[in-house]
Amino acid sequence: MADLRLAGVAKRFGAVQAVQDLSLDVASGEFIVLLGPSGAGKTTTLRLIAGLETPDTGEVHIGGHDVTGLAPALRDVAFVFQQYSLYPHLSVYDNLAFPLRSPRRPTPEDEVRRKVTEVAQMLRIADKLQSPATRLSGGQMQRVAIGRALVRSPALYLMDEPLSSLDAKLRNDLRLELKRIQQDLGATLVYVTHDQIEALTMATRIGVLEQGRLVQVGTPQQIYEDPVSSYVAARLGSPRINLVPRGLVAGLAGPGRAVTVGVRAEHLRLHRDSADASHRAARVKRIERLSDQHLVHVGLDDSDQELITAAPADESFAPGDVVRVELLRPLWFDAEGRRIAA
Ligand code: ATP
(Lines give C-alpha, C1' and ligand atoms only; values in the text may rest on other atoms or scores of the structure.)
Protein backbone atom coordinates (compact mmCIF):
# COMPACT_ATOMS: atom_id res chain seq x y z
CA MET A 1 0.00 0.00 0.00
CA ALA A 2 1.17 3.47 -0.80
CA ASP A 3 0.90 6.95 0.54
CA LEU A 4 -0.87 9.74 -1.31
CA ARG A 5 0.02 13.40 -1.65
CA LEU A 6 -2.14 16.09 -3.17
CA ALA A 7 -0.27 19.37 -3.63
CA GLY A 8 -2.27 22.50 -4.44
CA VAL A 9 -4.73 20.66 -6.66
CA ALA A 10 -7.48 22.71 -8.33
CA LYS A 11 -10.23 21.94 -10.84
CA ARG A 12 -12.75 24.28 -12.41
CA PHE A 13 -15.76 23.37 -14.54
CA GLY A 14 -16.89 26.54 -16.33
CA ALA A 15 -18.01 28.95 -13.63
CA VAL A 16 -17.75 26.34 -10.85
CA GLN A 17 -14.52 26.01 -8.89
CA ALA A 18 -15.12 22.37 -7.92
CA VAL A 19 -11.80 21.93 -6.09
CA GLN A 20 -9.59 24.76 -4.83
CA ASP A 21 -5.93 24.65 -3.86
CA LEU A 22 -6.32 21.32 -2.13
CA SER A 23 -3.30 19.87 -0.34
CA LEU A 24 -3.43 16.64 1.63
CA ASP A 25 -0.99 13.99 2.77
CA VAL A 26 -2.36 10.51 3.40
CA ALA A 27 -0.04 7.99 5.04
CA SER A 28 0.16 4.39 3.89
CA GLY A 29 -2.50 2.34 5.71
CA GLU A 30 -4.70 5.33 6.55
CA PHE A 31 -8.47 5.35 6.14
CA ILE A 32 -9.20 8.94 5.21
CA VAL A 33 -12.76 10.14 4.84
CA LEU A 34 -13.57 13.27 2.86
CA LEU A 35 -16.76 14.66 4.35
CA GLY A 36 -18.96 17.37 2.92
CA PRO A 37 -22.45 18.10 1.63
CA SER A 38 -23.53 17.68 -1.97
CA GLY A 39 -21.46 19.82 -4.30
CA ALA A 40 -18.53 20.25 -1.88
CA GLY A 41 -16.11 18.67 -4.37
CA LYS A 42 -15.76 15.15 -2.94
CA THR A 43 -16.25 13.18 -6.15
CA THR A 44 -14.10 15.58 -8.16
CA THR A 45 -11.27 15.12 -5.66
CA LEU A 46 -11.48 11.33 -6.00
CA ARG A 47 -11.59 11.59 -9.79
CA LEU A 48 -8.51 13.80 -9.74
CA ILE A 49 -6.68 11.18 -7.66
CA ALA A 50 -7.79 8.41 -10.01
CA GLY A 51 -6.82 10.36 -13.12
CA LEU A 52 -10.39 10.55 -14.42
CA GLU A 53 -9.99 14.33 -14.29
CA THR A 54 -6.86 16.37 -14.94
CA PRO A 55 -6.14 19.15 -12.44
CA ASP A 56 -5.86 22.71 -13.73
CA THR A 57 -3.00 23.20 -11.30
CA GLY A 58 -1.28 21.12 -8.66
CA GLU A 59 0.15 17.62 -8.46
CA VAL A 60 -0.94 14.14 -7.44
CA HIS A 61 1.69 11.79 -5.99
CA ILE A 62 1.07 8.12 -5.24
CA GLY A 63 3.72 6.05 -3.51
CA GLY A 64 6.22 8.86 -3.92
CA HIS A 65 5.72 9.12 -7.71
CA ASP A 66 4.24 12.10 -9.50
CA VAL A 67 1.28 10.58 -11.37
CA THR A 68 -0.33 13.90 -12.39
CA GLY A 69 0.17 13.20 -16.09
CA LEU A 70 -0.49 9.45 -15.96
CA ALA A 71 -3.58 7.76 -17.41
CA PRO A 72 -5.95 6.15 -14.85
CA ALA A 73 -4.92 2.62 -15.78
CA LEU A 74 -1.30 3.40 -14.97
CA ARG A 75 -2.02 4.77 -11.49
CA ASP A 76 -2.63 1.46 -9.73
CA VAL A 77 -5.77 2.60 -7.94
CA ALA A 78 -9.05 0.69 -7.47
CA PHE A 79 -12.22 2.80 -7.57
CA VAL A 80 -15.57 1.74 -6.08
CA PHE A 81 -18.44 3.89 -7.33
CA GLN A 82 -21.72 4.74 -5.63
CA GLN A 83 -23.65 2.82 -8.26
CA TYR A 84 -22.29 -0.67 -8.59
CA SER A 85 -21.59 -1.67 -12.18
CA LEU A 86 -21.35 -5.44 -12.42
CA TYR A 87 -21.32 -7.55 -15.58
CA PRO A 88 -24.86 -8.95 -15.42
CA HIS A 89 -24.18 -11.93 -17.70
CA LEU A 90 -21.27 -13.12 -15.54
CA SER A 91 -21.38 -15.10 -12.30
CA VAL A 92 -20.28 -13.53 -9.03
CA TYR A 93 -17.06 -15.55 -9.36
CA ASP A 94 -16.31 -14.19 -12.81
CA ASN A 95 -17.21 -10.65 -11.79
CA LEU A 96 -14.73 -10.88 -8.94
CA ALA A 97 -12.10 -12.53 -11.15
CA PHE A 98 -12.48 -9.94 -13.91
CA PRO A 99 -9.90 -7.40 -12.74
CA LEU A 100 -7.33 -10.20 -12.27
CA ARG A 101 -7.83 -11.48 -15.79
CA SER A 102 -7.26 -8.14 -17.48
CA PRO A 103 -4.49 -8.27 -20.10
CA ARG A 104 -2.65 -5.67 -18.07
CA ARG A 105 -2.47 -7.98 -15.06
CA PRO A 106 -2.56 -11.57 -16.28
CA THR A 107 -2.83 -13.82 -13.22
CA PRO A 108 -2.57 -17.65 -13.15
CA GLU A 109 -6.03 -19.21 -12.67
CA ASP A 110 -5.13 -20.93 -9.39
CA GLU A 111 -4.07 -17.56 -8.00
CA VAL A 112 -7.34 -16.04 -9.28
CA ARG A 113 -9.27 -18.81 -7.48
CA ARG A 114 -7.37 -18.24 -4.25
CA LYS A 115 -7.91 -14.47 -4.33
CA VAL A 116 -11.59 -14.65 -5.33
CA THR A 117 -12.35 -17.22 -2.62
CA GLU A 118 -10.53 -15.20 0.01
CA VAL A 119 -12.33 -11.95 -0.87
CA ALA A 120 -15.72 -13.69 -1.13
CA GLN A 121 -15.23 -15.05 2.37
CA MET A 122 -14.18 -11.65 3.68
CA LEU A 123 -17.34 -10.10 2.24
CA ARG A 124 -19.54 -13.06 3.22
CA ILE A 125 -20.68 -13.89 -0.31
CA ALA A 126 -18.79 -17.20 -0.67
CA ASP A 127 -22.08 -19.09 -1.08
CA LYS A 128 -23.06 -16.87 -4.01
CA LEU A 129 -20.00 -17.38 -6.20
CA GLN A 130 -21.82 -19.41 -8.85
CA SER A 131 -24.94 -17.17 -8.93
CA PRO A 132 -25.44 -14.81 -11.84
CA ALA A 133 -24.85 -11.24 -10.72
CA THR A 134 -28.46 -10.38 -11.58
CA ARG A 135 -29.79 -12.76 -8.90
CA LEU A 136 -28.26 -10.78 -6.05
CA SER A 137 -29.86 -8.30 -3.70
CA GLY A 138 -28.64 -4.71 -3.77
CA GLY A 139 -26.46 -5.30 -0.73
CA GLN A 140 -24.89 -8.40 -2.25
CA MET A 141 -24.22 -6.56 -5.51
CA GLN A 142 -22.49 -3.78 -3.65
CA ARG A 143 -20.36 -6.37 -1.83
CA VAL A 144 -19.32 -7.78 -5.20
CA ALA A 145 -18.48 -4.27 -6.43
CA ILE A 146 -16.30 -3.72 -3.35
CA GLY A 147 -14.87 -7.22 -3.81
CA ARG A 148 -13.77 -6.37 -7.34
CA ALA A 149 -11.59 -3.65 -5.88
CA LEU A 150 -10.32 -5.88 -3.06
CA VAL A 151 -9.15 -8.77 -5.28
CA ARG A 152 -6.43 -6.51 -6.56
CA SER A 153 -3.72 -5.16 -4.33
CA PRO A 154 -3.57 -1.63 -5.68
CA ALA A 155 -1.53 1.20 -4.27
CA LEU A 156 -4.72 2.93 -3.24
CA TYR A 157 -8.45 2.28 -2.86
CA LEU A 158 -10.85 5.08 -3.72
CA MET A 159 -14.50 4.75 -2.68
CA ASP A 160 -17.28 7.16 -3.58
CA GLU A 161 -20.24 6.76 -1.20
CA PRO A 162 -20.23 2.98 -1.78
CA LEU A 163 -22.85 2.31 0.90
CA SER A 164 -25.31 5.11 0.22
CA SER A 165 -27.76 3.06 -1.86
CA LEU A 166 -28.15 0.38 0.82
CA ASP A 167 -30.73 0.16 3.58
CA ALA A 168 -29.75 1.21 7.10
CA LYS A 169 -29.08 -2.27 8.51
CA LEU A 170 -26.87 -3.32 5.58
CA ARG A 171 -25.07 -0.03 5.70
CA ASN A 172 -24.22 -0.58 9.36
CA ASP A 173 -23.01 -4.13 8.71
CA LEU A 174 -20.89 -3.22 5.71
CA ARG A 175 -19.46 -0.18 7.46
CA LEU A 176 -18.02 -2.38 10.18
CA GLU A 177 -16.83 -4.99 7.70
CA LEU A 178 -15.15 -2.45 5.47
CA LYS A 179 -13.25 -1.00 8.39
CA ARG A 180 -12.17 -4.46 9.54
CA ILE A 181 -11.06 -5.46 6.03
CA GLN A 182 -9.15 -2.21 5.55
CA GLN A 183 -7.32 -2.83 8.82
CA ASP A 184 -6.59 -6.46 7.98
CA LEU A 185 -5.21 -5.50 4.57
CA GLY A 186 -3.37 -2.43 5.86
CA ALA A 187 -4.97 -0.67 2.90
CA THR A 188 -4.70 3.02 2.10
CA LEU A 189 -8.24 4.14 1.47
CA VAL A 190 -9.79 7.46 0.49
CA TYR A 191 -13.52 7.34 1.08
CA VAL A 192 -15.97 10.12 0.34
CA THR A 193 -19.33 10.56 2.02
CA HIS A 194 -21.78 13.10 3.37
CA ASP A 195 -22.70 10.66 6.15
CA GLN A 196 -21.16 11.69 9.46
CA ILE A 197 -21.65 8.26 11.02
CA GLU A 198 -19.51 6.69 8.31
CA ALA A 199 -16.88 9.35 8.84
CA LEU A 200 -16.88 8.98 12.63
CA THR A 201 -16.78 5.20 12.69
CA MET A 202 -14.34 4.42 9.88
CA ALA A 203 -11.90 7.28 9.48
CA THR A 204 -8.39 7.42 10.83
CA ARG A 205 -8.69 11.07 9.85
CA ILE A 206 -11.49 13.13 8.40
CA GLY A 207 -11.00 15.89 5.83
CA VAL A 208 -13.88 18.37 5.76
CA LEU A 209 -14.64 19.92 2.37
CA GLU A 210 -16.47 23.23 1.96
CA GLN A 211 -17.09 24.53 -1.56
CA GLY A 212 -14.04 22.79 -2.97
CA ARG A 213 -11.72 23.76 -0.14
CA LEU A 214 -10.33 21.36 2.43
CA VAL A 215 -11.06 23.39 5.54
CA GLN A 216 -9.89 20.99 8.26
CA VAL A 217 -8.17 17.63 8.53
CA GLY A 218 -7.96 15.73 11.80
CA THR A 219 -9.02 12.68 13.77
CA PRO A 220 -12.77 12.35 14.27
CA GLN A 221 -12.27 13.49 17.87
CA GLN A 222 -10.26 16.57 16.86
CA ILE A 223 -12.87 17.58 14.30
CA TYR A 224 -15.69 17.07 16.78
CA GLU A 225 -14.08 18.78 19.76
CA ASP A 226 -11.97 21.41 18.07
CA PRO A 227 -13.66 22.55 14.84
CA VAL A 228 -12.06 25.49 13.01
CA SER A 229 -15.43 26.97 12.03
CA SER A 230 -19.16 26.75 12.63
CA TYR A 231 -19.42 24.99 9.24
CA VAL A 232 -17.10 22.21 10.43
CA ALA A 233 -18.81 22.09 13.84
CA ALA A 234 -22.13 21.46 12.11
CA ARG A 235 -20.75 18.53 10.06
CA LEU A 236 -20.33 16.18 13.04
CA GLY A 237 -22.73 15.52 15.88
CA SER A 238 -26.30 14.33 16.10
CA PRO A 239 -28.31 16.29 17.03
CA ARG A 240 -26.50 19.11 15.30
CA ILE A 241 -24.53 21.58 17.40
CA ASN A 242 -26.69 24.47 18.70
CA LEU A 243 -25.55 27.76 17.13
CA VAL A 244 -26.88 30.79 18.98
CA PRO A 245 -26.41 34.53 18.35
CA ARG A 246 -24.06 35.93 20.98
CA GLY A 247 -26.58 38.54 22.10
CA LEU A 248 -29.03 35.90 23.27
CA VAL A 249 -26.61 34.61 25.90
CA ALA A 250 -25.30 37.94 27.12
CA GLY A 251 -24.69 36.58 30.63
CA LEU A 252 -22.04 34.16 29.34
CA ALA A 253 -18.44 35.43 29.32
CA GLY A 254 -16.74 35.10 25.93
CA PRO A 255 -14.37 36.85 23.51
CA GLY A 256 -15.47 40.31 22.40
CA ARG A 257 -15.40 39.54 18.67
CA ALA A 258 -17.67 36.52 19.05
CA VAL A 259 -20.88 36.74 17.07
CA THR A 260 -22.12 33.18 17.53
CA VAL A 261 -21.75 30.63 20.28
CA GLY A 262 -21.94 26.92 19.57
CA VAL A 263 -22.88 24.37 22.21
CA ARG A 264 -23.40 20.67 21.67
CA ALA A 265 -26.55 19.07 23.04
CA GLU A 266 -24.61 17.07 25.61
CA HIS A 267 -23.02 20.27 26.93
CA LEU A 268 -26.27 21.95 27.84
CA ARG A 269 -27.60 21.43 31.36
CA LEU A 270 -31.15 22.15 32.32
CA HIS A 271 -31.80 23.45 35.82
CA ARG A 272 -35.24 23.73 37.33
CA ASP A 273 -33.94 26.37 39.67
CA SER A 274 -30.83 28.49 39.36
CA ALA A 275 -29.73 31.89 40.55
CA ASP A 276 -26.65 31.96 38.29
CA ALA A 277 -26.97 34.94 35.93
CA SER A 278 -25.15 33.08 33.13
CA HIS A 279 -27.90 30.44 33.05
CA ARG A 280 -30.41 31.45 30.41
CA ALA A 281 -34.14 31.44 31.15
CA ALA A 282 -36.07 29.09 28.86
CA ARG A 283 -39.11 26.89 28.57
CA VAL A 284 -39.39 23.27 27.47
CA LYS A 285 -41.16 22.98 24.11
CA ARG A 286 -41.07 19.30 23.23
CA ILE A 287 -39.26 16.09 23.99
CA GLU A 288 -37.86 13.39 21.71
CA ARG A 289 -37.49 10.14 23.60
CA LEU A 290 -34.49 8.06 22.53
CA SER A 291 -33.50 4.87 24.29
CA ASP A 292 -30.79 6.17 26.61
CA GLN A 293 -31.50 9.86 26.56
CA HIS A 294 -34.16 12.39 25.86
CA LEU A 295 -33.67 15.29 23.52
CA VAL A 296 -35.32 18.22 25.20
CA HIS A 297 -36.09 21.14 22.89
CA VAL A 298 -36.20 24.38 24.81
CA GLY A 299 -37.15 27.86 23.63
CA LEU A 300 -35.13 30.75 25.04
CA ASP A 301 -37.34 33.34 26.70
CA ASP A 302 -37.86 36.56 24.69
CA SER A 303 -36.62 34.99 21.46
CA ASP A 304 -37.50 32.48 18.77
CA GLN A 305 -34.25 30.62 19.36
CA GLU A 306 -34.60 26.94 20.12
CA LEU A 307 -31.90 24.75 21.64
CA ILE A 308 -31.69 20.99 21.72
CA THR A 309 -30.33 19.49 24.91
CA ALA A 310 -29.57 15.87 25.68
CA ALA A 311 -30.89 14.92 29.11
CA PRO A 312 -30.53 11.51 30.78
CA ALA A 313 -33.68 9.45 30.28
CA ASP A 314 -34.36 9.38 34.01
CA GLU A 315 -34.60 13.19 34.22
CA SER A 316 -38.15 13.94 33.35
CA PHE A 317 -39.15 17.19 31.75
CA ALA A 318 -42.47 18.08 30.22
CA PRO A 319 -43.52 20.66 27.65
CA GLY A 320 -44.15 23.98 29.37
CA ASP A 321 -41.63 23.44 32.19
CA VAL A 322 -39.75 26.58 33.14
CA VAL A 323 -36.00 25.95 33.18
CA ARG A 324 -32.65 27.70 33.14
CA VAL A 325 -30.03 26.55 30.66
CA GLU A 326 -26.36 26.28 31.49
CA LEU A 327 -23.99 26.33 28.50
CA LEU A 328 -20.90 24.24 29.12
CA ARG A 329 -17.85 24.14 26.83
CA PRO A 330 -19.06 26.89 24.50
CA LEU A 331 -17.31 27.31 21.14
CA TRP A 332 -17.06 30.89 19.89
CA PHE A 333 -17.26 31.99 16.27
CA ASP A 334 -16.73 35.35 14.54
CA ALA A 335 -18.97 36.97 11.93
CA GLU A 336 -17.49 34.75 9.17
CA GLY A 337 -18.04 31.61 11.25
CA ARG A 338 -14.34 31.24 12.10
CA ARG A 339 -13.55 29.82 15.49
CA ILE A 340 -12.17 32.20 18.11
CA ALA A 341 -10.19 30.91 21.07
CA ALA A 342 -12.07 31.38 24.33
P1 ATP B 1 -22.25 14.94 -4.45
O2 ATP B 1 -22.28 14.41 -3.05
O3 ATP B 1 -23.54 15.59 -4.86
O4 ATP B 1 -21.72 13.98 -5.46
P5 ATP B 1 -19.66 16.21 -4.39
O6 ATP B 1 -19.20 16.79 -3.09
O7 ATP B 1 -19.11 14.90 -4.79
O8 ATP B 1 -21.24 16.19 -4.41
P9 ATP B 1 -18.71 17.12 -6.92
O10 ATP B 1 -19.48 16.08 -7.68
O11 ATP B 1 -17.25 16.95 -6.82
O12 ATP B 1 -19.33 17.31 -5.48
O13 ATP B 1 -19.06 18.51 -7.59
C14 ATP B 1 -18.49 19.75 -7.14
C15 ATP B 1 -19.03 20.87 -8.01
O16 ATP B 1 -18.53 20.73 -9.35
C17 ATP B 1 -20.55 20.85 -8.15
O18 ATP B 1 -20.99 22.18 -8.18
C19 ATP B 1 -20.78 20.16 -9.47
O20 ATP B 1 -21.99 20.58 -10.05
C21 ATP B 1 -19.58 20.60 -10.29
N22 ATP B 1 -19.19 19.58 -11.28
C23 ATP B 1 -18.68 18.36 -11.03
N24 ATP B 1 -18.38 17.71 -12.18
C25 ATP B 1 -18.73 18.52 -13.19
C26 ATP B 1 -18.66 18.44 -14.62
N27 ATP B 1 -18.16 17.37 -15.23
N28 ATP B 1 -19.08 19.50 -15.33
C29 ATP B 1 -19.56 20.60 -14.73
N30 ATP B 1 -19.64 20.76 -13.39
C31 ATP B 1 -19.23 19.76 -12.64
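Which element gives the most to the shell around the ligand? That turns out to be α1, with 3 residues. The structure is a predicted model, in which local features need pLDDT of at least 70 and side-chain atom pairs count only at pLDDT 80 or more, while totals for chains, interfaces and linings use all residues. Residues are numbered from 1 along each chain as its sequence is written, and side-chain values use heavy atoms, with hydrogens and water left out.

Starting with the ligand, the residues around it are Phe 13, Val 16, Ala 18, Pro 37, Ser 38, Gly 39, Ala 40, Gly 41, Lys 42, Thr 43, Thr 44 and Glu 161 (a residue counts as near if one of its heavy atoms lies within 4 Å). By class, this shell holds 5 nonpolar, 5 polar and 2 charged residues; Ala, Val, Leu, Ile, Met, Phe, Trp, Tyr, Cys and Pro count as nonpolar, Asp, Glu, Lys and Arg as charged, and the others, Gly among them, as polar. Three polar contacts (pairs of N or O atoms within 3.5 Å) can be picked out here. Ser 38 places a polar side-chain atom 2.6 Å from a ligand oxygen. Backbone N or O atoms do the job for Gly 41, at 2.9 Å from a ligand oxygen, and for Thr 43, at 2.8 Å from a ligand oxygen. On its own the ligand exposes 630 Å², of which the protein buries 59% (Shrake-Rupley areas, 1.4 Å probe). Two or more shell residues come from each of β2 (16–26) and α1 (42–50); helices (H or I, at least four residues) and strands (E, at least two) are DSSP runs numbered from the N terminus.

Next comes helix α5, residues 168–185. With 18 residues at 1.5 Å a residue, α5 should span 26 Å, and its end C-alpha atoms are indeed 26 Å apart; the expected span is 1.5 Å times one less than the number of residues. At the N-terminal end, Asp 167 acts as a cap, with a side-chain oxygen 3.2 Å from the backbone nitrogen of Lys 169. Just past the helix, Gly 186 takes a positive phi of about 65°. The buried residues of α5 include Leu 170, Leu 174, Leu 178 and Ile 181, along with Arg 175 and Glu 177 (buried is under 20% relative accessible area, exposed over 50%, partly exposed in between). Among the elements covering them are α3 (109–122), α4 (138–150) and β8 (189–193).

Finally, Val 259 sits in the loop between β11 (242–245) and β12 (260–263). Val 259 is partly exposed, at 39% relative accessible area. Its contacts (heavy atoms within 4.5 Å) include Val 244, Phe 333 and Asp 334.

Definitions and conventions:
Buried < 20%, exposed > 50% of the residue type's maximum accessible area, 1.4 Å probe, protein only. Polar contact = N/O pair within 3.5 Å; in protein donor to acceptor, adjacent residues only side chain to side chain. Lists of a residue's contacts leave out its neighbours within four places in sequence.
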